[in-house]
Amino acid sequence: IRNCDWSTDVCSSDLLPANFQLKDLQGNVHSAADCKGKITLINFYSIQCPVQAAWDDRLVALQKDFAEKGVVFWHIDSNVTEIGKTAPADAAKDPAYAAIVAHLADRKLPFTVLADHGNVVADQFDARTTPHVYVFAADGKLVYRGLVDDDQRGVKTERTSYARDVLQKLLAGETVTPSATKETGCSIKRADGTGQKNRRPRGERGGRGGRAPRGETEGGGGGE
């Protein structure tokens, strides 16, 4: 995925990388081949981020409404503070993975979580926050990147549901012009230590009026 000015546009030539491959928490491999010819929503995920938690129910609703129509949903955890630096020898015995599995079960979240050790895929996607949503059309082209919707706190009586609107148009066979919204959330805790500053979550990248450096979003993927 090429680096673009995501605050204004999505590069129409961007494709789901053909070499995309990650394992889930049970050790099963998921790759680009699995979603060939399918609409795919990928979200960068954290179990400790309060901003992510605020959107969990709406992501569940999206999956409930669209998975049965063939849309693939993957949630990628790239936070070294949650999954560790390297993949475990046995996923079933890894305490970090077990904590994520328990979190999903406790909250009844039907998410398929993929572990991105070393934040390789997060870097490839230029993902910065949790949540950070990417929607790929059935031909593999990236058509949307950014927020789930415009209601982080879940208080609006009416909201603009960016991800839902894109999925509906794709399924209806409508032409979707690539677009993006500014991501808002906790910074991904990368293996090199970026994103791990101890900051209070504000839900806005860069605090007041500023744009934070990559990986230094206000709030932190570990809920620090």
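# Exercises on a predicted model

The protein has five helices and 10 strands. The model is a predicted one. Of its 224 residues, 51% count as buried. The exposed area is about 10,500 Å², of which carbon and sulfur atoms supply 47%.

## Exercise 1: helix α5

Determine which residues of helix α5 are buried and how they are arranged about the helix axis.

Step 1. Helix α5 covers residues 162–171, and its buried residues are Ala163, Val166, Leu167 and Leu170.

Step 2. Viewed down the axis of α5, these buried residues fall within an arc of 100°, so they line one face of the helix.

Step 3. The spacing agrees with a general rule. An α-helix has 3.6 residues a turn, so residues three or four places apart point the same way.

Step 4. The elements packed against the buried residues of α5 are β3 (40–44), α1 (50–66), β4 (72–77), β7 (132–136) and β8 (142–146).

Step 5. Just after α5, Gly173 has a positive phi of about 80°.

## Exercise 2: the disulfide

Find how many disulfides the structure has, and state which parts of the chain are tied together.

Step 1. A search of the whole structure gives one disulfide. Its partners are Cys49 and Cys186, with an S to S distance of 2.1 Å. This lies within the 2.5 Å cut-off for a pair of cysteine sulfur atoms.

Step 2. Cys49 sits in the loop between β3 and α1, while Cys186 belongs to strand β10 (residues 186–187), so the pair ties together parts that are 137 residues apart in sequence.

Step 3. The torsion about the S-S bond of Cys49 and Cys186 is about 80°, so the disulfide is right-handed.

Step 4. Cys49 and Cys186 are both buried. Another cysteine, Cys35, is buried as well, with a relative accessible area of 4%.

## Exercise 3: aromatic pairs of Phe125

Classify the pairs that Phe125 forms with Tyr134 and with Phe136 by ring geometry.

Step 1. The structure holds eight aromatic pairs. In one of them, Phe125 and Tyr134 lie 5.1 Å centre to centre with 75° between the planes, and the pair is edge-to-face.

Step 2. For Phe125 and Phe136, the ring centres are 6.0 Å apart and the planes stand at 75°, so this pair is edge-to-face. Phe125 is in helix α4 (residues 120–125) and Phe136 in strand β7, 11 residues apart.

Step 3. Relative accessibility is 0% for Phe125, 0% for Tyr134 and 1% for Phe136. Each of these values is under the 20% limit for buried.

Step 4. Phe125, Tyr134 and Phe136 belong to one aromatic cluster together with Phe20, Phe44 and Trp74.

## Exercise 4: the surroundings of β7

Establish how many residues of β7 are buried and which strands pair with β7.

Step 1. Five of the five residues of β7 are buried, so the strand is largely enclosed by the rest of the structure.

Step 2. In a regular strand the side chains alternate between the two faces of the sheet. In β7, one side carries His132, Tyr134 and Phe136, and the other Val133 and Val135. Both faces are covered.

Step 3. β3 and β7 run antiparallel and are joined by five bridges. Asn43 has Val133 of β7 as its bridge partner.

Step 4. β7 also pairs with β8, in the antiparallel sense, over four bridges. Here the bridge partner of Val133 is Gly146.

Step 5. β7 and β8 form a hairpin with five residues between them, and Gly140 in the turn has a positive phi of about 90°.

Definitions and conventions:
Residues are numbered from 1 along each chain as its sequence is written. This is a predicted model: local features need pLDDT of at least 70, side-chain atom pairs count only at pLDDT 80 or more; totals for chains, interfaces and linings use all residues. Side-chain values use heavy atoms; hydrogens and water are left out. Helices (H or I, at least four residues) and strands (E, at least two) are DSSP runs, numbered from the N terminus. Buried means under 20% relative accessible area, exposed over 50%, partly exposed in between (1.4 Å probe, protein chains only). Accessible areas come from the Shrake-Rupley method with a 1.4 Å probe; for residues, only the protein chains shown count as cover. The arc is that of the directions from the helix axis to the C-beta atoms. Contact means heavy atoms within 4.5 Å. Rings of Phe, Tyr and Trp (its six-membered ring) pair if their centres lie within 6.5 Å; planes under 30 degrees apart count as stacked, over 60 as edge-to-face and the rest as tilted. Two strands pair if DSSP finds at least two bridges between them.
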